[in-house]
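Here are a few exercises to work through with the model open beside you. Try each task before you read its solution.

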Amino acid sequence: MSESQTSDPAPIRILVDGDACPVKDEIYKVAWRHDVGVVVVSNSPFRVPVHPLVRRVVVDGGFDAADDWIAEEADKRCVVVTADILLADRCLKAGAQVLPSTGKPFTTSSIGSQIATRAIMADLRAGGDAIGGPAPFSKTDRSRFLGALDEALVRLKRG
């Protein structure tokens, strides 16, 4: 048998776009329950739990440096947690499962319309139109996220 047939698959990981992620504590709890590693990527250092499954990566301050790091690491054995639609698109193309903190997964069938909506909203803002932002983060979002992350990890473990 070749080495690729006898070697274990790559470990399942959760990659977190950490600078503005409101569900880091939830990610740690789910990851520990599933015995899955978490990599929190950010442009600036902040505290993460001291735990063998948690690693913090602080990238240089360059524009999109954290996004670039995550996109390069993303693969079919990863769940990426981000609200960034363009990063989500890059990670989906790499085969990763992608969740925003609201728990409504980004998918290959929905990402195109989400990118288009993002572009329209940016044009409206650039034109001076006053438009509202996203709805405030809620308990329902947090609950939905917990369920979605758990489901994503179960799917990855089943292969």
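For the first exercise, Ala, Val, Leu, Ile, Met, Phe, Trp, Tyr, Cys and Pro count as nonpolar, Asp, Glu, Lys and Arg as charged, and the others, Gly among them, as polar. This is a predicted model, where local features need pLDDT of at least 70, side-chain atom pairs count only at pLDDT 80 or more, and totals for chains, interfaces and linings use all residues. Residues are numbered from 1 along each chain as its sequence is written, and side-chain values use heavy atoms, with hydrogens and water left out.

**Exercise 1.** Sort the lining of the second largest pocket by class.

Solution. Step one: the lining of this pocket has seven nonpolar residues. Step two: add three polar and four charged ones.

**Exercise 2.** Find the aromatic pair and say how its rings sit.

Solution. Start with the rule: rings of Phe, Tyr and Trp (its six-membered ring) pair if their centres lie within 6.5 Å; planes under 30 degrees apart count as stacked, over 60 as edge-to-face and the rest as tilted. The count comes to one aromatic pair. The ring centres of Tyr28 and Trp32 are 6.0 Å apart and the planes meet at 20°, so this pair is stacked.

**Exercise 3.** Is Tyr28 buried or exposed? Do Trp32 as well.

Solution. Buried means under 20% relative accessible area, exposed over 50%, partly exposed in between (1.4 Å probe, protein chains only). Tyr28 has 5%, so Tyr28 is buried. Trp32 comes to 32%, so Trp32 is partly exposed.
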